[in-house]
Amino acid sequence: MRLHKVYYRLSLFHLPKQPLLLSSSPHFLSLMPPPPRPPLQLIKPFSSVPPAAVRTRAMRFSSNAAEGDGGSNGGAALTSSTAADYEDSSLGNGYRLPPPEIRDIVDAPPLPTLSLSPHRDKVLFFKRRSLPPLEDLARPEEKLAGVRIDGKCNARSRMSYYTGIGIHQIMDDGTLGPEKEIYGLPSGAKINFVTWSNDGSHLAFSVRTDEADGSSSKLRLWVADIKSGKARLLFEEPDVFVNAVFDNFVWLNNSTLLVCTIPLSRGDPPKKPLVPSGPKIQSNEQKDIIQSRTYQDLLKDEYDENLFDYYATSQLVLVSLDGSVKPVGPLAIYTSLDPSPDENYIMISSIHRPYSFNVPCGRFPKKVDLWTADGRFLREICDLPLAENIPITHSSVRRGKRSIQWRADKPSTIVWVETQDGGDAKVEVSPRDIVYTELAEPLENDQPMVLHKLDLRYGGISWCDDSLALVYESWYKTRKVRVWVISPGCEDESPRILFDRSSEDVYSDPGSPMLRRTPSGTYVIAKVKKEDDEATYLLLNGGGATPQGNIPFLDLFDINTGTKERIWESDKEKYFESVVALMSDEDKGDIHLNRLKVLTSKESKTENTQYYVVSWPEKKACQITNFPHPYPQLSSLKKEMIRYQRKDGVQLTATLYLPPDYDPATEGPLPCLMWSYPGEFKSKEAAGQVRGSPNEFAGIGSTSPLLWLARRFAILSGPTIPIIGEGDEEANDRYVEQLVASAEAAVEEVVRRGVAHPDKIAIGGHSYGAFMTANLLAHAPHLFCCGIARSGAYNRTLTPFGFQSEDRTLWDAVGTYIEMSPFISANKIKKPILLIHGEEDNNPGTLTMQSDRFFNALKGHGALCRLVILPFESHGYAARESVMHTLWETDRWLQKYCLANSSDANKDSNTLEEDASKGTSNVVGVAEQSDDEADKIHITSRSSLW
């Protein structure tokens, strides 16, 4: 079982420095004339990437700032920035390093990931590397059907990996024993897909190494004995490799694995013909209505289809720990391998032709079959056709059987759902979804049994036993969430609603039931007994949202009466604690409260996350980790969750960070960086609720805005920017109005507090936060001195079939799409804006072209702007060279257009704007509000706490 610690969106796609904890427990619904210009520069960056590994690319730096256009072609792989660099007119020659105070935080060694053993008696420490080199990202990849494949290792490209595994025994007193290292691995081993056998005696994992040419080898399957720590190759044959494009391997029992392997008969990959056999043709002569979002990396032609088949096709192989090998089944593109709890059957999912050029592989025809554990085909469960026409409306789904799974509390019972509305959320019908169940091998003439009927969209089941299961349903349009109590083995028991609430109302969230692990490795609802009490209780683990911030809790909940008893709660004054996992779930039957054990996490504003085992009845907490502070230079930073109000009365929150030892009396107001991400709501009350805790540790990712605390900036992180559409109103119809009002409230608050200089407030965001940034510079130029927009989409006409929470098409809401697009308002942007984008962005909607075209629109209106395209990077930035350069660009922008900004400069820029409007050509400065506008600042923001 992997444990996970969730960090809120201070900035997207950051790896936190604390241990990243992953959970194997399922997640359930719980109750973003102009001045003269220098020529466009196309500059090849210098890096540590060997020429053989790097496809010929250019890192593009384009600037329309009032700078010279000199340049040089030399440079080191990574050069450190100096004051002269920031004023140098030939910026963009090679990758740069940010100042040491930022660089040292990013380069701090990452802390390990943890994994609990099935019996909760051991914990693994997965060793991790720091940021990968650009060389790793530069390896060739195939972009096929929405999947990016590293052809050399026949797996997903850009996979992160572990570098080592340490085993610790959890002692009787709750402490950890000495580390035992897994040994016998090849030098430089890259470890992936680590899984426990059900009895906890072995680990299975894949290993790859670097080849002489810089590429990765194919993946080999290894096993390690937990008792000795010795690892060994499982396949003795040297030419058997794991195919990890989709599912890779799974334990069938404690001694046998089912593995997706690269077919031994496979030859070289198909070659792209020099001359095509004909034109590329797509047709809709049947007049089908097919709407889809702007998916990327789709198949384009017959060659792509053949290449997809080549890399994705697997041969299934049964392999035992004693080395015996048995190929089973035909060659196919296997996407899921799911053994039954009793280990007698395997549910096998695969995809097949005909493929599509319009949608990714998740919508290709899908076949689900039932096999015996020894690899013999039993029967077909379903064969779903190509699903190109799933409506874009939220809560729309695929037709046919879906969410096919094993019932966790039974040996071999299959459960699935079928829609009654054709998958179209716009169709009114009751019931909307029906849940069915049947045995793996039903008797002759047996029909599937209807387990439950739902009027909303099915959201999952928590199983317990024949007397209890919880069924979840939800509806996005209304944000309604319901939880039903059913008795799967008692037809006479009528289902009843346990919780009926809004998903947005975090204050009413009762928590989710804690799950215990069964001997077969599945997870079921844990039942708890009290001394001298015949009632049956569940453990509800909740986030505990309150107006004062989150106070996580553990409630003892009587499933029959609905009464609750709070048996554990986080500290409220200094610490933020939460329940991570059950530690006493290895016992069969009900758990007695007096023998309850849970794993908790504990942290504070300045203390790193540590883990504890808490034991009842004394609730004694024993600390099992002692991780060092990942960035001690910021250990005394100041953090406060602040509340303020938008002019329409909506309550807003944000987290305000101040540098260590900040003294307002001597330093005065600071330059401030505001970083956020808008969110949509159906009610003002829900939008105004507090999310997050003031006591959480300040996790700083590799491109987090909190890095600028080391540069003495105030950081307003995640100010809430709710876009509200109550009743039948669509939230985005008033997007700009609410966006500006939220930003005004946030700015007004930090200025009122005296911590932020009104002329030195920068705005930034990633993805939908970048979209927000550009809109604020266009529609609220008086609030911010500059902006930083990473990996955004700026022209909504390029995403005509919906984006974010918007499920109307461009033709349904032309005015909304146009008004929301900062591209259309490029002529209004007068403040400096830095655009950064990964050249290989594969996120739907945020094509790299969005930043290219937006920059050209800005440049065409004389805006002070700069565009940085990062070679090989996707939606988030991974390589050390890219991350460091992003930080250097951001720091340069903040130093030049935020820290150096002043009221005098504002006056000058206003004069320049006035002159420009009269036809006078002047160099455009940093436009700011005039002195008489300074008193009119109101600002709001949305929180990265979502």
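# Exercises on a predicted model

Ile818 has a relative accessible area of 33% and is therefore partly exposed (buried means under 20% relative accessible area, exposed over 50%, partly exposed in between, with a 1.4 Å probe and protein chains only). The model is predicted: local features need pLDDT of at least 70, side-chain atom pairs count only at pLDDT 80 or more, and totals for chains, interfaces and linings use all residues. Residues are numbered from 1 along each chain as its sequence is written, and side-chain values use heavy atoms, with hydrogens and water left out.

## Exercise 1. The surroundings of Ile818

State in which helix Ile818 lies and which residues make the nonpolar surface patch with Ile818.

Step 1. Ile818 belongs to helix α9, residues 814-820. Helices (H or I, at least four residues) and strands (E, at least two) are DSSP runs, numbered from the N terminus.

Step 2. Val814 and Ile824 join Ile818 in a nonpolar surface patch of about 220 Å². Patches are made of residues with over 30% relative accessible area and no salt bridge; like charges are joined within 9 Å, and nonpolar side chains (Val, Leu, Ile, Met, Phe, Trp, Tyr) within 5 Å.

## Exercise 2. The chain as a whole

Describe the chain by its helices and strands, its buried residues and its exposed area.

Step 1. The secondary structure comprises 12 helices and 52 strands.

Step 2. Of the 946 residues in the chain, 59% are buried.

Step 3. The exposed area is about 36600 Å², of which carbon and sulfur atoms supply 51% (Shrake-Rupley method, 1.4 Å probe; for residues, only the protein chains shown count as cover).

## Exercise 3. The position of Glu141

Determine where Glu141 is found, whether Glu141 is buried or exposed, and which side chain Glu141 contacts.

Step 1. Glu141 sits in the loop between α3 (134-137) and β7 (142-144).

Step 2. Its relative accessibility is 12%, so Glu141 counts as buried.

Step 3. The side chain of Glu141 has a polar contact of 2.6 Å with the side chain of Ser157. Such a contact is a pair of N or O atoms within 3.5 Å; within protein, one must be able to donate a hydrogen and the other to accept it, and residues adjacent in sequence count only if both atoms are side-chain atoms.

## Exercise 4. Salt bridges between separate parts of the chain

Trace the salt bridges of Arg353, Lys410 and Arg712.

Step 1. Side chains of opposite charge can pair when their charged atoms come close. A salt bridge is a side-chain nitrogen of Lys or Arg within 4 Å of a carboxyl oxygen of Asp or Glu. The structure holds 52 salt bridges.

Step 2. Arg353 bridges to Asp309, with the closest N and O atoms 2.6 Å apart. This pair links distant parts of the chain, 44 residues apart: Arg353 is in the loop between β20 (345-351) and β21 (366-372), and Asp309 is in helix α4 (residues 302-312).

Step 3. Lys410 and Asp466 meet in a salt bridge at 3.0 Å, N to O. The two residues are 56 apart along the chain, with Lys410 in the loop between β23 (401-406) and β24 (413-419) and Asp466 in the loop between β27 (457-465) and β28 (468-475).

Step 4. Arg712 pairs with Glu667, the closest N and O atoms being 2.7 Å apart. Arg712 lies in the loop between α6 (684-687) and β47 (714-717) and Glu667 in helix α5 (residues 664-667), so this pair ties together parts 45 residues apart in sequence. A network of salt bridges that share partners joins Arg402, Asp421, Glu428, Arg432, Asp433 and Arg457.

## Exercise 5. Strands β29 and β49

Identify the partners of strand β29 and of strand β49.

Step 1. Strand β29 (residues 480-486) is mostly covered, with six of its seven residues buried.

Step 2. β29 runs antiparallel to β28, joined by seven bridges, and antiparallel to strand β30 (residues 496-502), joined by six. Two strands pair if DSSP finds at least two bridges between them. Among the bridge partners are Trp475 with Lys480 and Val481 with Arg501.

Step 3. In strand β49 (residues 756-766), nine of the 11 residues are buried, so β49 is largely enclosed by the rest of the structure.

Step 4. β49 runs parallel to strand β45 (residues 670-675) over five bridges, and Cys672 stands opposite Ile761. Five bridges also pair β49 with strand β50 (residues 786-790) in the parallel sense.
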